[in-house]
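Could you walk me through this structure, one selection at a time? I have it open in my viewer and would like to know what to click on next.

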Amino acid sequence: MTEPLPLSQLAIGTSAVLREYPKAGAAFLRLREMGLLPGTTLTLVRTAPLGDPLEIKVRGYHLTLRKTEADHVLVEPVEQ
Amino acid sequence: MSLPQHIKTPSRTPVYALVGNPNCGKSTVFNALTGLKQKIGNYPGVTVERKVGTAYSQHGQPMTIIDLPGAYSLAARSPDEAVTRDVLLGRRADTTMPDRVVCVVDGSNLERNLYLVHQILDLGRPVILVVNMMDLATAAGLQIRIGRLEKELGIPVIATSASRGVGLIELKLALSRTDLPLPKHRWEVPAPIAPAVAELQASLQDNDGKPPLIARAEALLLLTDQDPVRVAGSNPLSPTTAASLQNWKNRFERTGTDWSAILVGARYDAIAALAATCVESTDTPHLRQSTSDKIDAVVTHGVWGWAVLGGIMTALFLSIFTFAEYPMNLIDAGVSALADAVKANLAPGDLRDLITDGAIAGVGGVVIFLPQILILFFFIGLLESTGYMARAAFIMDRLMAYVGLSGRSFIPLLSSFACAIPGIMATRAIADPKDRLTTILIAPLMTCSARLPVYAVIIAAVIPAEKVGPGIGLQGLVLFVLYLAGIVSAMVAALVLRRSVTKGKASGFIMEMPRYQMPPIRDLLIGLWQRAWVFLRRAGTIIFMATVILWVLLSFPKAGEGESQLDASIAGQVASAMHPAFEPVGFNREMTLALVPAMAAREVAVASLATTYAVDAEDEAETEQALRDQIAARWSLPSALAFLAWFVFAPQCLSTIAVARRETNGWKWPVVMLVYLFAAAYIFAGITYWGAIALGL
């Protein structure tokens with residue numbers, strides 16, 4: 001078992017399982033509705049040229065979010 | 001439940017709502033069903049585009065189809081999504097509640113697309129599910145068992161590849177069915193929130209007069225809507241229901257029940273169970289790189305990404321100015337010919353002048369921008385439908401965040417270099433209302449093509465044509481500084497606005513990166529045709545009125561012997577009265593005079609100055625040449641520089657103000673825009689004037 005870390009600190013190209021999530025905030029409700037739920041597997045595809053925002057792959061599609069949001073999403077890297 | 005299992009077609013023309021996630025091909029389905037039988041307008045009170053079309057069944061019966069804005073969820077996050085939610089729930093008095101719902105989903109991205117469908121199944125309306133982009137799903141190694149989906153959901157499911165015209169006849173047949181089954185509703189509300197849903201549902205039925213299933217769907221929605229977007233034209237909740245909702249929210253808060261997570265989680269669990277039985281993956285797509293990934297490796301690359309963006313921007317500007325030249329000359333010639341024809345057939349007098357100098361010249365002066373606007377919209381449509389726009393927003397987001405905006409504001413601002421009107425119209429794609437408003441307010445600061453004639457004449461007159469470095473002319477440098485001043489002040493204005501009048505939380509950048517697609521040329525052309533029509537209709541009404549009024553102000557009262565018409569006219573007298581206010585920033589009386597007719601459009605300032613200096617010239621080139629000499633002889637350098645500074649900021653374009661009014665639905669924001677831009681124009685003209693004097697220029 002690896003330690004959970006914020007999504008914003010995940011290495012590019014790695015997959016992780018989503019663990020924890022802030023309750024409040026419209027942005028997080030939307031991320032949930034876009035299919036990011038505890039237990040969902042995602043992959044960090046890349047960051048934008050200036051390091052922010054991030055692009056992830058989840059449920060077969062690509063989604064972007066800012067670091068300020070990714071800081072609050074805890075994930076657990078999947079052993080390769 | 002005692003509801004009928006089948007709902008008959010109503011006796012009037014049935015109303016269908018077309019809903020789906022953005023990027024699911026919904027517009028292609030809508031265009032394929034209705035062709036050019038579409039009406040485009042706005043929902044009253046909101047700036048959301050309303051598209052209604054008529055389709056014909058296989059038996060020739062008309063059907064009304066409302067193309068609702070793309071939405072990811074009924075828990076709305078943008079004005080677009082709020083309209084979709086409110087129309088579906090029958091909350092809007094201005095739109096008939098749809099009898100039936102057609103849900104379009106992207107077959108290659110089924111799970112997330114089904115989330116919205118799952119919410120809609122709650123509504124208790126007959127639903128037809130369209131699984132679109134089947135070709136892409138197959139290419140991605142996904143096998144969707146349509147028959148199984150039909151059985152599980154209990155509704156008609158149609159497989160289509162709308163961009164290739166596959167499955168559309170089957171869809172029309174389904175639309176023509178006189179009876180459609182209600183969806184099987186096997187989804188249970190999760191236990192921890194069930195009592196709240198039951199109580200809210202009862203209250204909505206009793207106090208808000210909602211039918212049972214709509215009440216249930218609304219109850220579920222009210223619990224997830226943490227920050228509900230309210231839009232004008234929607235009915236508010238009854239006080240009893242609102243109190244009950246608050247009561248439950250407080251109770252959940254105390255017990256630490258995360259009701260929205262429970263609800264969303266339960267829906268995705270149900271969807272996962274459905275997908276497990278209906279979708280089979282014969283491929284392991286995560287193991288191979290898709291074409292989109294390969295393109296993105298370049299397009300979002302730290303070096304190449306900027307090169308591609310720069311290249312596309314350059315191509316965009318070059319094509320706006322080069323391709324548009326020929327049709328613009330044609331329109332110009334046509335307008336002149338029309339004016340000449342009127343002159344030849346009417347006796348000289350006020351009526352003739354009103355028609356030629358007022359109506360034809362005024363409306364013609366705006367219609368001439370139609371080719372540029374269409375080219376710009378074609379390019380924007382192309383970039384948007386292929387998926388590149390999302391990438392441009394992605395790489396620009398960090399830069400835009402410095403001034404409190406997001407990557408989504410980038411394209412509207414880029415468009416504003418051609419003309420602020422299409423730029424402001426393009427802000428509809430921005431979800432966050434405050435971001436959108438800020439973008440509208442700063443768009444006029446981008447140097448539009450109408451400022452070029454003004455800059456060109458004055459720079460040529462007062463700036464010496466000398467070199468300041470290898471290959472860099474002083475005149476070109478001044479022009480570049482003026483463009484730069486526009487960009488920098490737009491960014492500063494955004495920064496200030498986001499901390500004052502459009503204050504709010506940073507909007508974040510949760511955006512889907514759609515797959516790259518071949519551009520749907522048919523959809524693009526239908527869109528262009530609609531743009532052209534809206535633009536021409538506006539030119540024929542608002543702009544026509546404005547130019548006629550301006551002509552009257554410039555033509556009356558009539559000048560006496562030896563007096564110039566401009567001096568004698570009402571506009572001229574207004575300018576004389578205004579002059580004391582403009583003296584402190586270095587404007588002479590002719591400059592002040594030029595500002596009045598330039599309210600219609602900036603480039604009119606040049607024509608106005610030319611008239612004022614009574615230049616007797618045969619053609620335009622000679623006019624400009626002569627005007628240049630007049631300005632060089634009569635204006636001091638500080639005054640001329642102050643005039644240039646004025647035009648960097650001054651919102652002198654009636655059409656932009658009219659569009660801003662329409663897009664923000666009221667006079668408040670256009671007035672804010674006018675006030676801050678005129679104040680900036682005045683202040684910076686003054687700084688430039690006195691600065692130049694202090695420097696001894």
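How many residues does the contact take from chain B and how many from chain A? Select both chains and look at where they meet: chain B gives 32 residues to the contact and chain A gives 28. Keep in mind as you go that this is a predicted model.

**Stop 1: the side of chain B that touches chain A**

Hide chain A for a moment and colour the touching side of chain B by residue class. You will find 14 nonpolar, 10 polar and eight charged residues there. Five elements of chain B each give two or more residues to this side: the helices α3 (110–121), α10 (259–278), α12 (304–322) and α16 (388–401), and the strand β14 (511–513). Leave β14 of chain B highlighted, as we need it next.

**Stop 2: a sheet shared by two chains**

Bring chain A back and show it as a cartoon with β14(B). Seven strands form an open sheet here, with antiparallel pairing, in the order β1(A)-β6(A)-β2(A)-β3(A)-β4(A)-β5(A)-β14(B). Strands of a sheet pair through backbone hydrogen bonds, either parallel or antiparallel. Which strands are at the edges? They are β1 (5–6) of chain A and β14 of chain B, each of which pairs on one side only.

Now zoom in on the place where the chains join in the sheet. Select residues 61–65 of chain A, which are strand β5, together with β14(B): three bridges link them in the antiparallel sense. To find a matching pair, click on A:Leu63; its bridge partner in β14(B) is B:Glu512.

Next, move to another pair of strands in this sheet. Strand β3 of chain A (residues 41–47) runs antiparallel to strand β4 of chain A (residues 54–58), and five bridges join them. Click on A:Leu42 and look across to β4(A), where A:Val58 stands opposite.

**Stop 3: chain A on its own**

Show chain A alone and trace the ribbon from its start. The order of elements is β-β-α-β-β-β-α-β, which comes to two helices and six strands. The radius of gyration of chain A is 11 Å, close to the 12 Å that the globule rule gives for 80 residues, so chain A is as compact as a globular protein of that length. Its C-alpha atoms fill a box of roughly 30 × 30 × 20 Å along the principal axes. Of the 80 residues in chain A, 49% count as buried.

**Stop 4: chain B as a whole**

Switch to chain B, which has 30 helices and 14 strands. Its radius of gyration is 29 Å, close to the 26 Å from the globule rule for 697 residues, so chain B is as compact as a globular protein of that length. Zoom out to see the full extent: the C-alpha atoms of chain B fill a box of roughly 90 × 55 × 50 Å along the principal axes. Buried residues make up 46% of the 697 residues in chain B.

Try colouring chain B by domain. Domain 1 covers 13–188, domain 2 covers 304–450 + 463–521, and domain 3 covers 528–694. The C-alpha centres of domain 1 and domain 2 of chain B lie 34 Å apart. Where these two domains touch, domain 1 of chain B gives nine residues and domain 2 of chain B gives six. The side belonging to domain 1 of chain B has two nonpolar, five polar and two charged residues.

**Stop 5: a hairpin in chain B**

Select residues 49–56 and 62–67 of chain B. These are strands β4 and β5, which pair in the antiparallel sense over six bridges. B:Tyr56 stands opposite B:Pro62 in β5(B). Five residues lie between the strands of this hairpin, and B:Gly60 takes a positive phi near 85°.

**Stop 6: into the core**

Which residues have the most contacts inside the largest nonpolar core? Select B:Leu18, B:Cys103, B:Leu129 and B:Val130 to see them; the core has 204 residues. Helix α28 of chain B (residues 637–649) gives the most to this core, with 10 residues.

Now centre the view on B:Leu129. Leaving aside neighbours within four places in sequence, B:Leu129 is in contact with B:Cys103, B:Val105, B:Val117, B:Leu153, B:Ile155 and B:Val157.

**Last stop: helix α29 of chain B**

Finish at residues 654–664 of chain B, which form helix α29; its buried residues include B:Ile657, B:Val659 and B:Ala660. After α29(B) comes B:Asn665, with a positive phi near 50°.

Technical notes
Residues numbered from 1 in each chain as written. Chains lettered and ligands numbered in written order. Predicted model: local features only at pLDDT ≥ 70, side-chain atom pairs only at ≥ 80, totals over all residues. Pairing = 2+ DSSP bridges. Helix = DSSP H or I, 4+ residues; strand = E, 2+ residues; numbered from the N terminus. Domains from an automatic or database assignment. Contact = placed C-beta atoms within 7 Å. Nonpolar A, V, L, I, M, F, W, Y, C, P; charged D, E, K, R; others polar. Rg over C-alpha atoms; globule rule 2.2 N^0.38 Å. Buried ≥ 20, exposed ≤ 12 C-beta atoms within 10 Å, placed from the backbone. Core = buried A, V, L, I, M, F, W, Y, C linked by C-beta atoms within 7 Å.
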